[in-house]
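Me: I'm new to reading protein models, and I'd love a close look at one part of this one. Please take me through it slowly, and then show me what else is worth finding.

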Amino acid sequence: MASPFLLLLLVIPLCLLVLFLALSFLARPKSVRIPIKNRHVLITGGSSGIGLALAKAAAAQGAHVSILARNAKRLEEAREEIKLAMGHMARVLVADVRDPQAVAQALEEAGPVDVLVCNQGVFVPMELEKQDLEEAKFMIDVNLMGTFHLIKAALPGMKSRARETGLPASIAIMSSQAGQVGVYGYTAYSASKFALRGLAESLQQEVIAHNIHVSMIFPPDTATPGLAEEQKKRPELTTIIAGSSGEMKAEDVAKKALDGLKEGQFIIPCNFDGTMLAIATAGLSPQRSAVTALFEVLGAGFMRFVGIGFQWNWYSTIQNWHAKR
Ligand SMILES: NC(=O)C1=CN([C@@H]2O[C@H](COP(=O)(O)OP(=O)(O)OC[C@H]3O[C@@H](n4cnc5c(N)ncnc54)[C@H](OP(=O)(O)O)[C@@H]3O)[C@@H](O)[C@H]2O)C=CC1
Ligand SMILES: CCCCCCCCCCCCCCCC(=O)[C@@H](N)CO
């Protein structure tokens with residue numbers, strides 16, 4: 001007779017296999033590969049930081065790149081930088097994403113897009129009570145409404161292009177780990193980034209039949225000109241709590257983002273903490289990968305436990321910080 005130990009050794013892998021097979025059958029939408037070579041990739045906020053790194057990475061892979069931002073001079077400098085590094089002449093588009101007409105005009109000028117990366121974003125950390133409402137509205141307008149304007153303007157062209165070419169298209173939206181968990185000092189910023197997830201989850205159901213695939217990117221603190229500005233005025237507690245996840249280089253975030261969007265990954269974490277956070281906050285988001293789904297199913301309880309531990313740590317920090325005042 002087989003020992004109970006041997007039996008267990010057989011039963012556990014068998015259960016895992018059955019679970020994996022079930023998830024392979026269930027996982028939706030179906031897996032996809034989105035090519036970017038020789039395709040039109042439009043990146044907003046492409047004149048600085050993560051957006052510029054993305055533009056370079058996409059150009060390096062043979063994409064036709066357009067970058068959109070407000071400041072024409074910084075756009076020209078970015079174009080020069082992309083040309084020097086990659087020998088690619090990016091198209092520059094000057095528009096403020098808060099202005100729907102300007103966005104529509106820029107997209108008209110750009111022509112149909114295969115991959116739209118809504119990366120533009122502003123962040124001014126401050127406790128809600130101290131923050132000017134105008135500043136809160138500024139973040140919602142650029143980060144959230146700006147993304148609405150972009151998608152509205154790009155969708156008709158993307159749909160017909162996907163139909164004509166028969167190739168899958170992508171809409172990638174830049175969130176933040178602060179779009180997965182609230183962080184002291186980020187009431188407005190987190191609200192804008194959490195909101196993008198509702199937009200993305202709903203949008204994916206609306207555009208799947210047109211072969212358009214939605215991705216969301218969730219980076220931690222990333223070394224960019226934007227972060228350098230932010231750090232000048234960031235509340236101490238924001239810095240401490242945001243520091244729970246290590247800082248990344250813009251190039252590394254860009255690589256993760258590009259690899260993820262090419263696989264049509266709905267949730268794209270950027271580092272190890274990000275992967276844990278993605279499992280802890282998987283919710284009812286679409287999932288194409290049976291492997292990731294398996295980690296989500298098996299990791300849910302444990303990651304909730306880890307999350308409770310993080311909250312314990314943050315609330316202790318906040319309490320100590322107040323006690324010292
Ligand atoms: N850096 C970080 O720590 C993290 C950043 N993120 C997110 O990544 C994205 C990029 O951040 P990062 O590279 O640091 O930012 P930067 O501040 O370095 O660059 C922001 C880019 O967005 C453009 N932009 C800003 N406002 C508008 C607007 N109203 N209309 C059009 N373009 C605009 C800027 O150009 P211009 O000013 O000329 O318009 C610039 O190209 C943001 O969405 C941010 O929230 C997420 C997690 C961490
Ligand atoms: C269950 C496991 C949990 C794992 C770890 C959780 C760590 C969370 C840290 C949150 C960091 C938020 C950084 C926002 C950066 C940003 O967007 C600003 N720099 C503005 O650009």
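Which parts of the chain each supply at least two residues of the nonpolar patch?

Reply: They are α1 (4–26) and α11 (290–323). This is a predicted model, where local features need pLDDT of at least 70, side-chain atom pairs need 80 or more, and totals for chains, interfaces and linings use all residues. Residues are numbered from 1 along each chain as its sequence is written, chains are lettered from A and ligands numbered from 1 in written order, and side-chain values use heavy atoms, without hydrogens or water. The labels α and β stand for DSSP runs numbered from the N terminus: helices (H or I, at least four residues) and strands (E, at least two).

Let's start with the patch. Leu8, Ile12, Leu16, Val297 and Leu298 make a nonpolar surface patch of about 450 Å². The biggest share comes from α1, with three residues. A patch takes residues with over 30% relative accessible area and no salt bridge, joining nonpolar side chains (Val, Leu, Ile, Met, Phe, Trp, Tyr) within 5 Å and like charges within 9 Å. Try finding Ile12, which sits in helix α1. Ile12 counts as partly exposed because its relative accessibility is 47%; buried would be under 20% and exposed over 50%, using a 1.4 Å probe and protein chains only.

Now follow the chain out of α1. In the loop between α1 and β1 (40–44) you will meet Pro29. Arg28 and Pro29 are joined by a cis peptide bond, with omega about -5°. That loop also holds Asn38, whose phi is positive, about 60°, although Asn38 is not a glycine. With a relative accessible area of 54%, Asn38 is exposed. You can find another asparagine of this kind in the loop between α6 and β6, namely Asn211. The phi of Asn211 is about 65°, again positive in a residue that is not a glycine, and Asn211 is partly exposed at 27%.

Helix α5 deserves a slow look too. It runs over residues 133–165, and its 33 residues should span 48 Å at 1.5 Å a residue (1.5 Å times one less than the residue number). The C-alpha atoms at its ends lie 45 Å apart, which agrees. Along α5 you will find a kink of about 40° at Leu155, shortly before the proline Pro156; the bend is the angle between axes fitted to the seven residues ending there and the seven starting there. After α5 comes Gly166, with a positive phi near 70°. His149 also belongs to α5 and is buried, with a relative accessible area of 17%. Its C-alpha atom is separated by 7.8 Å from that of Asp99, although the two residues are 50 apart along the chain.

Another residue of α5, Arg161, brings us to the charged pairs. Side chains of opposite charge can pair when their charged atoms come close. A salt bridge here needs a Lys or Arg side-chain nitrogen within 4 Å of an Asp or Glu carboxyl oxygen, and 15 are counted in this model. In one of them, Asp114 pairs with Arg161, with the closest N and O atoms 2.9 Å apart. This pair links distant parts of the chain, 47 residues apart: Asp114 is in the loop between α4 (100–110) and β4 (115–118), while Arg161 is in helix α5. Asp114 counts as buried at 3% relative accessibility, whereas Arg161 is partly exposed at 23%.

Arg197 and Glu201 form a salt bridge as well, at 3.1 Å from N to O. Both lie in helix α6 (residues 187–207), four residues apart, or about one turn of the helix. Arg197 is buried at 11%, and Glu201 is partly exposed at 26%.

Asp221 and Arg234 meet at 2.6 Å, N to O, in a salt bridge. They too link distant parts of the chain, 13 residues apart, with Asp221 in the loop between β6 (212–218) and β7 (222–223), and Arg234 in the loop between α7 (225–233) and α8 (236–242). Asp221 is buried at 15%, and so is Arg234, at 9%. Elsewhere, salt bridges with shared partners join Arg39, Asp114 and Arg161 into one network.

Methods: Accessible areas come from the Shrake-Rupley method with a 1.4 Å probe; for residues, only the protein chains shown count as cover.
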